[in-house]
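Got your viewer open? Let's take a walk through this protein, one selection at a time.

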Amino acid sequence: MEIFSMKKILAVIAVVAITTTASFAQDVTNFASGTKALLFNVDGFIGNLKANSYSPYGIGMKYYLNSDMAVRGMIRFGMNSEVDPWDAAAMGNQAGTNGTFDETTFGIGADVLMYMMQNNRVKPYMGLGFMFATTSNEKKDKAASGQFQNTTQNGGYTYKNGVNSLFAGTTLGVGLMFGVEYFITKELSLAGEYKLGFASMTAADVTVTTQAATTTTVGGSGSQIGFGQNTMSLLLNVYF
């Protein structure tokens with residue numbers, strides 16, 4: 001009797017699991033027009049805007065046109081800064097002013113996505129999109145009190161942790177994306193994406209200001225195809 005009861009219990013659990021899974025898949029995969037989701041990057045600091053990176057993902061929103069198609073828009077804004085302290089002891093106890101480096105980046109993007117395997121908890125998709133990103137920076141050298149602080153705008157810089165500053169200038173890009181979205185619950189999913197992007201880059205002019213003079217080097221332009229580690233991203237989708 002105990003063995004028979006255990007078999008009945010296991011059978012009931014199996015039926016409930018199958019029914020729940022089927023119901024779950026039906027609910028989460030057949031999105032009606034107007035379904036929305038907030039998007040968040042979860043791979044590092046909202047994804048780096050590298051020269052050969054198509055996507056400026058930060059935070060965004062996805063909107064379903066029907067169960068097979070969605071559009072999404074993304075925005076990213078970031079500010080980084082670092083201080084190069086004046087070492088008075090090393091400079092004979094002479095007072096001075098700290099050096100600084102400040103960096104600002106802004107990016108937007110928009111995509112159209114096509115979904116497959118509607119009645120499945122795992123949904124592959126592909127899409128097409130574009131992006132725009134711009135970054136600028138300013139570096140001020142440390143100097144003794146009363147001395148002029150040399151300033152460089154949009155030059156290269158390496159942070160103390162060894163990370164290089166972002167590309168200073170403007171990037172325009174288009175890209176194809178291939179991804180898989182996995183639904184943890186009906187309202188929460190993770191999506192992994194791989195992108196093939198083409199970017200056109202225009203470097204910002206580099207301006208160096210000293211006490212004697214100000215010089216400007218005109219930035220150049222170029223293009224690059226991104227296909228590799230820097231074109232992968234992981235997105236958290238919160239549906240509402």
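Start by selecting residues 36-41, which are strand E1, and residues 59-64, which are strand E2. The two strands pair in the antiparallel sense, with 5 bridges between them. To see how they line up, click on Leu39: opposite this residue, in E2, stands Gly60. Keep in mind as you go that you're looking at a predicted model.

Now stay on E2 and add residues 69-84, strand E3. How many bridges join E2 to E3? There are 6, and this pair also runs antiparallel. E2 and E3 make a hairpin, with 4 residues between the two strands. For a landmark here, pick Met61, which has Gly73 of E3 standing opposite.

Before leaving E2, colour its two faces. Gly60, Lys62 and Tyr64 are on the covered face. Ile59, Met61 and Tyr63 are on the uncovered one. Remember Tyr64, because we'll meet that residue again in the core.

**Into the core**

Select Phe31, Ala37, Tyr64, Ala70, Leu113, Tyr115, Tyr125, Met177, Phe183, Ala191, Leu235 and Tyr239, and show their side chains. These 12 residues are the largest nonpolar core. Which strands supply at least two residues each? They are E5 (99-115), E9 (169-183) and E14 (232-239).

Next, narrow your selection to the rings of Tyr64, Tyr115, Tyr125, Phe183 and Tyr239. Together they form one aromatic cluster. While you're at Tyr115, bring up Lys123: this lysine lies over the face of the Tyr115 ring, 4.6 Å from the ring centre.

**A pair of rings**

The count of aromatic pairs comes to 7. One of them is worth a stop: select Tyr157 and Tyr159. Two numbers describe a pair of aromatic rings, the distance of the centres and the angle of the planes. Here the centres are 5.3 Å apart and the planes sit at 90° to each other, an edge-to-face arrangement. Are these two tyrosines buried or exposed? Tyr157 has a relative accessible area of 17%, so this residue counts as buried. Tyr159 comes in at 10%, so Tyr159 is buried too. The cut-off that settles both is that buried means under 20%.

**Charges that meet**

Time to look at charged side chains. A search of the whole structure turns up 6 salt bridges. Go to Arg72 and Glu193: they form one of these, and their closest N and O atoms are 2.5 Å apart. Arg72 belongs to strand E3 and Glu193 to strand E10 (residues 188-203), so you're looking at a link between distant parts of the chain, 121 residues apart. Both Arg72 and Glu193 are buried.

Keep Glu193 selected and add Lys195. These two also form a salt bridge, with the closest N and O atoms 3.1 Å apart. Like Glu193, Lys195 is buried. Add Asp111 and you have the whole group: Arg72, Asp111, Glu193 and Lys195 are linked in a network of salt bridges.

Now move along to Lys142 and Asp84, another salt bridge, where the closest N and O atoms are 3.5 Å apart. Where does each partner lie? Lys142 is in the loop between strand E6 (122-140) and strand E7 (143-144), while Asp84 is in strand E3, so the pair ties together parts that are 58 residues apart in sequence. Both partners are partly exposed: Lys142 has 37% relative accessibility, and Asp84 has 32%.

**A loop stop**

Select Gln94, in the loop between E3 and strand E4 (96-97). At 39% relative accessibility, Gln94 is partly exposed. Which residues does Gln94 touch, leaving aside those up to four places away in sequence? They are Trp86, Ala88 and Ala144. Put a distance line between the C-alpha atoms of Gln94 and Ala144: the two are 50 residues apart in sequence but 7.0 Å apart in space.

**Zooming out**

Clear your selections and colour everything by secondary structure. You'll find 1 helix and 14 strands. Of the 240 residues in the protein, 33% are buried. Finally, think back to those links between distant parts of the chain: among contacts between residues at least 6 apart in sequence, 69% join residues at least 24 apart.

Notes
Residues numbered from 1 in each chain as written. Predicted model: local features only at pLDDT ≥ 70, side-chain atom pairs only at ≥ 80, totals over all residues. Heavy atoms only, no water. Buried < 20%, exposed > 50% of the residue type's maximum accessible area, 1.4 Å probe, protein only. Pairing = 2+ DSSP bridges. Contact = heavy atoms within 4.5 Å. Core = buried A, V, L, I, M, F, W, Y, C linked by side-chain atoms within 4.5 Å. Phe/Tyr/Trp six-rings, centres within 6.5 Å; stacked < 30°, edge-to-face > 60°. Lys NZ or Arg CZ within 6 Å of the ring centre and 35° of its normal. Salt bridge = Lys/Arg side-chain N within 4 Å of Asp/Glu carboxyl O.
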